[in-house]
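Here are some exercises to help you find your way around a structure you haven't met before. Try each task yourself, then follow the solution step by step.

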Number of protein chains: 2
Amino acid sequence: MYRTHTCGELRQENTGQTVTLAGWVQTVRKFGSISFVDLRDRYGITQLLFGESLNQLLDEQPLGREFVLQATGKVVERTNKNPQMPTGDVEIDITAFKILNKAATPPFTIEDKTDGGDDLRMKFRYLDLRRNPVRRNLELRYAVNRSARNYLHDNNFMDIETPFLIKSTPEGARDFVVPSRMNPGQFYALPQSPQTFKQLLMVSGYDRYYQVVKCFRDEDLRADRQPEFTQIDCEMSFVEQDDILNMFEGLVKRVFKDVKQIDYADKVDRMTWNDAMIRYGNDKPDIRFGMELTNLKTIFEGQSGIEEAKAIFEQSGFKVFNDAETVLAIAVPGASEYTRKQTDELTEWVKRPQIGMNGLVFIKCNSDGSFKSSADKFFPEDQLKALAGICGAQQGDLILILAGREERTRKAASELRLEMGERLGLRRKDEFKLLWVLDFPLFEYAEAENRWVARHHPFTAPKPDQIATMINNDPVIRDAANYLSHPYANIKANAYDMVLNGNEIGGGSIRIFQRELQEKMFDALGMSKEEAQHKFGFLLGAFEYGAPPHGGIAFGFDRLCAILGGSESIRDFIAFPKNNSGRDVMIDAPSVIDEAQLEELQIQTDLKS
Amino acid sequence: MYRTHTCGELRQENTGQTVTLAGWVQTVRKFGSISFVDLRDRYGITQLLFGESLNQLLDEQPLGREFVLQATGKVVERTNKNPQMPTGDVEIDITAFKILNKAATPPFTIEDKTDGGDDLRMKFRYLDLRRNPVRRNLELRYAVNRSARNYLHDNNFMDIETPFLIKSTPEGARDFVVPSRMNPGQFYALPQSPQTFKQLLMVSGYDRYYQVVKCFRDEDLRADRQPEFTQIDCEMSFVEQDDILNMFEGLVKRVFKDVKQIDYADKVDRMTWNDAMIRYGNDKPDIRFGMELTNLKTIFEGQSGIEEAKAIFEQSGFKVFNDAETVLAIAVPGASEYTRKQTDELTEWVKRPQIGMNGLVFIKCNSDGSFKSSADKFFPEDQLKALAGICGAQQGDLILILAGREERTRKAASELRLEMGERLGLRRKDEFKLLWVLDFPLFEYAEAENRWVARHHPFTAPKPDQIATMINNDPVIRDAANYLSHPYANIKANAYDMVLNGNEIGGGSIRIFQRELQEKMFDALGMSKEEAQHKFGFLLGAFEYGAPPHGGIAFGFDRLCAILGGSESIRDFIAFPKNNSGRDVMIDAPSVIDEAQLEELQIQTDLKS
């Protein structure tokens, strides 16, 4: 045994004991004829005292940062206690030590705040992993994993492993493929999710399945995407949407409780996709704060005041509003005193290419009851007041108004709302607010191909009362310009997303479980009977032998951990992440392989230079 | 909600309750104007009673096997109770029912004993998975998974996910590779194990790591091998061999207790590799029974009587023994009365190509104290008696003797011992006997290349007292004929296998943690400095920055489950296994992929027709 205790567990009550510790040298401090060494492991730091006799030995075998040290001595009470450290009441008066391994000077400091840049820390990830913030991330990840598994186990779910070497069924994201040596010319695909397998398990009668499982998507990467990522993947039989929502908000609440000691007592809010789009301009609203959008002129319905606003606009002769497809307003509380400089800066912010607006109109609802606007010359004060009323603004608010093409303006307003929430400190990292978004459209229109694509995936069922609409209508879009008038455009999916603080952390649906309807779905997506049979014949076949009603959900495990850890980037919560080119710079993968390997696989590279 | 209860939970105390069940129709039995339907789900079977009024409806909507049915009714006590079924005291007097889905007649019966052949059951795996024996296997698998995780969690191990898209380092088994679209001409490899990553985690200070993780090997398949398989993968820092053996026999004992309700109180036996080879002829002995081998003439040491046996052989003039490199004997208890037919059959058995011996010599140690042998004419009775004494045979035993080339004879004797154990009923499926095999050779000699290969893997440390032998000697083998006299031939590894009932269920080692020694190891395996740097530079680099002493183990999860479930085949314990050609015949993978996919990946197939 190299140690009797870890570096995190010795306390005052251990004084007098002889102990052996092993760990890494964090710091060495010399004070005349004695030295103090902070010894670190994943459990904590303990101070070692090298007295006069040993101090000399330290001169012969100097200790450097990150040396691996084994040291034996007696636990003694410190005269100079450190209340910041759990072990701060004691130190070890060392009687013997051994350097187990030396260490070169690390390329960056192993401290909470390091001097290492991103690239360097990725290359030496094994050193970055020693730092407390990174270690805490992985510990949080494990805690979430454990908590979710316990909840699922307690609810009769069974972990069943599904295969990694499966079949390529190109659609949606790109597959990673694996050439088969034993079946030359053929390829496996790595799963984008265990979707069809978990459905087969339902057909097999395993009514509650889960898996914490790696999935793979060969997509161009952004900061928050990885070619391999982890899902908490779940499926249930004999359930309706409500059963699933209840079960899985329970899961997230359990994780909150186990991992963050948060008692999330409230029932999770539920909002239709339609409402989310109208009120927040996107389908994963952050509901930690208000500042909902006001549609002053729009194709959406359900808000009062639109007629009044339109009348004001027409009277004003303000072309910016009158020519716009959409006009959206946000009332920012307490911002009426923004200076010219601040409103100019906001105008620049919305003009950035990522946002893409031409400008920003504001109305200051001053605390003295007066109104002031950047479009003063078009709107007399009483009309500004009327608009403020429509927006539900209070004295002291600053109303920000965007106008332009429908989709861009909606996105911009949504971004602007989040930005203002951020600036006002309303997006607190320690506040967690869940939301179910329901009733997504089943189909999206793919303009280039003039066809429908599945918004979630082709196995998602329509809402029960819309199955007939789907079955009884021809999916072909004869009038592309008016695709919105096709009956399919209004079919809602029996699908749901779980949103946490404005991030989608999970999504799922009730599945199609009848062969007929599944075939109609493939047909609706423009798949021929032969193609459907070739790709998904096994699933269609399975539906013939007694498939139960079922549905499920998959949580993005990396993202869930990131949000719980208060970070934007999933990469911080993955032990060995890849960079934006899909490279692991530490091991230098991917890499060129031997010609002999290619030959055995009967493939050749075919570089387009 | 589709159901209020499962099909496995209703009991006498539920009588009077109105319940709704959902499940699959197992059987329909008509008795005049009423019908009984057995409804099945993964929790059990409940009997439904369709009385006169509903019976008529059943005529209009007949129920077939495997139909998915929802039925509501009152729980009533059965007049004709079935004590074989947990729900056998009650039945449900149905008041309403709904067919949720129809089912075509399954291609084989969904019963414990099915009429379906292997191929059919693989193709319709989703139906085979409904059968109780298969379901019980997957339930056992989940129970083992859960138990192992709980034990590791209780002992401070952390589940940390390692990447699946890594780097190909060809050696040992073949890698599966994955072409990278974003890095054309380059490939990832799927991990054969997370070996180097878990070692890096030790360097990072995560002193107790585990993972239940898929691994991949592109090898030609046998019945008990799969291209993707699951390991319980573990690693610890600041430990010596003994710490690991204690920790992980604890794990298996916990699994025995949780899953099989077996209290494995004994300390697990430990045996050196050398002893295992001498006493049992192989390195994973089944110690549920004795019948150890007696070496009558061998290069192995440590047994008495060899000199005496040699003298007897020389005197006999029996060329079969005298010309043989090795003569091995097994005393089979109570088999002295075997008939001529039986001994002939055994002789044929050892002559089969899989065993490959030329013949079998036997000595019957009759209960009357006389001896009889198939080589009577060479050995007078007193010499037979002397040989029996050397073999430790008792009256009533049958001694089986094999002679020939060292390796083949040893293997044959080992197989013969297992076969006789099987025939005598000494290999009971409900008896579990663990064994640690220790001190494996560090190197094996690869004749074709005249070089050393790592017996375990290149990261395994030699026994501490043999590190000097390794460092101080040139690995080059100058005299191939006498490679055994090279100092490397006798270096023992700090490695261990866990054996259960004659199967290796886990293996591991204390690892090299010094750069210098690791470089020497790569050198010993014939790897140039450049090659070592290219393949394992990240690990060598990591060893420079304070690597702690560490070691670990990996359990073959599929095999462990199979043995605990009393089966020889791991395939029975995998939800969706592949066949011997690496095919998933259910989904029909691998398969040809689109030309467009190949083009995007910048590869082409290059079939050698």
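**Exercise 1.** Does A:D474 count as buried, partly exposed or exposed?

*Solution.* Keep in mind that you're looking at a predicted model.
- Start with the cut-offs: buried means under 20% relative accessible area, and exposed means over 50%, with partly exposed in between.
- A:D474 has 39% relative accessibility, so it counts as partly exposed.
- Now look at its partner: A:D474 makes a salt bridge with A:R478, with the closest N and O atoms 2.6 Å apart.
- A:R478 has a relative accessible area of 69%, so this residue is exposed.

**Exercise 2.** Find the chain A partner of B:D218 in a salt bridge, and work out where each residue sits.

*Solution.*
- The partner is A:R181, and the two side chains meet at 3.1 Å, N to O.
- This pair crosses between chains.
- On the chain A side, A:R181 is in the loop between β7 (177-179) and β8 (187-189).
- On the chain B side, B:D218 is in the loop between β9 (208-216) and β10 (228-237).
- Next, check the cover: A:R181 is buried, because its relative accessible area is 14%.
- B:D218 counts as buried too, with 2% relative accessibility.
- For the wider picture, a search of the whole structure turns up 103 salt bridges over all chains.

**Exercise 3.** Explain how B:R254 and B:D258 are placed along their helix, and say how exposed they are.

*Solution.*
- The side chains of B:R254 and B:D258 meet in a salt bridge at 3.0 Å, N to O.
- Both belong to helix α6 (residues 241-260) of chain B.
- They are four residues apart there, so about one helical turn separates them.
- B:R254 counts as partly exposed, at 24% relative accessibility.
- B:D258 counts as partly exposed as well, at 36%.
- Salt bridges can also link up by sharing partners: A:D118, A:R121, A:R125, A:D128 and A:R131 are joined into one network that way.

**Exercise 4.** How many disulfides does the structure hold, and what can you say about A:C215 and B:C391?

*Solution.*
- The count over all chains is zero.
- Take A:C215, which is in no disulfide: the nearest cysteine sulfur belongs to A:C234 and is 12 Å away.
- A:C215 is buried, with a relative accessible area of 0%.
- Then take B:C391: the closest cysteine sulfur is in B:C365, 8.0 Å off, which is too far for a bond.
- B:C391 counts as buried, at 11% relative accessibility.

**Exercise 5.** Why is helix α16 of chain B described as largely enclosed by the rest of the structure?

*Solution.*
- The helix covers residues 557-564.
- Seven of its eight residues are buried, so the helix is largely enclosed by the rest of the structure.
- The buried ones are B:F557, B:D558, B:L560, B:C561, B:A562, B:I563 and B:L564.
- Past the helix comes B:G566, and its phi is positive, near 75°.

**Exercise 6.** For B:L387 and A:K411, find a residue far along the chain and give the distance between the C-alpha atoms.

*Solution.*
- B:L387 lies in helix α11 (residues 381-390) of chain B.
- With a relative accessible area of 2%, B:L387 is buried.
- B:E308 is 79 residues from B:L387 along the chain, yet their C-alpha atoms are 8.5 Å apart.
- A:K411 lies in helix α12 (residues 406-423) of chain A.
- A:K411 counts as partly exposed, at 46% relative accessibility.
- A:N282 is 129 residues from A:K411 in sequence, and the C-alpha to C-alpha distance is 7.0 Å.

**Exercise 7.** Which residues form a negative surface patch with A:E595?

*Solution.*
- The patch is formed by A:D594, A:E595, A:E599 and B:D606.
- A:E595 is found in helix α17 (residues 595-601) of chain A.
- A:E595 counts as partly exposed, at 45% relative accessibility.

**Exercise 8.** Sum up chain A as a whole: its secondary structure, its span and its buried share.

*Solution.*
- Its secondary structure comes to 17 helices and 23 strands.
- Along its principal axes, the C-alpha trace spans about 90 × 75 × 55 Å.
- Of the 609 residues in chain A, 60% are buried.

Technical notes. Residues numbered from 1 in each chain as written. Chains lettered and ligands numbered in written order. Predicted model: local features only at pLDDT ≥ 70, side-chain atom pairs only at ≥ 80, totals over all residues. Heavy atoms only, no water. Patch = residues over 30% accessible without salt bridge, like charges linked within 9 Å, V, L, I, M, F, W, Y side chains within 5 Å. Areas by Shrake-Rupley, 256 points an atom, 1.4 Å probe, with all protein chains shown as cover. Salt bridge = Lys/Arg side-chain N within 4 Å of Asp/Glu carboxyl O. Lys, Arg positive; Asp, Glu negative; His and termini not counted. Charge placed at Lys NZ, Arg CZ, Asp CG, Glu CD. Helix = DSSP H or I, 4+ residues; strand = E, 2+ residues; numbered from the N terminus. Buried < 20%, exposed > 50% of the residue type's maximum accessible area, 1.4 Å probe, protein only. Disulfide = S-S within 2.5 Å.
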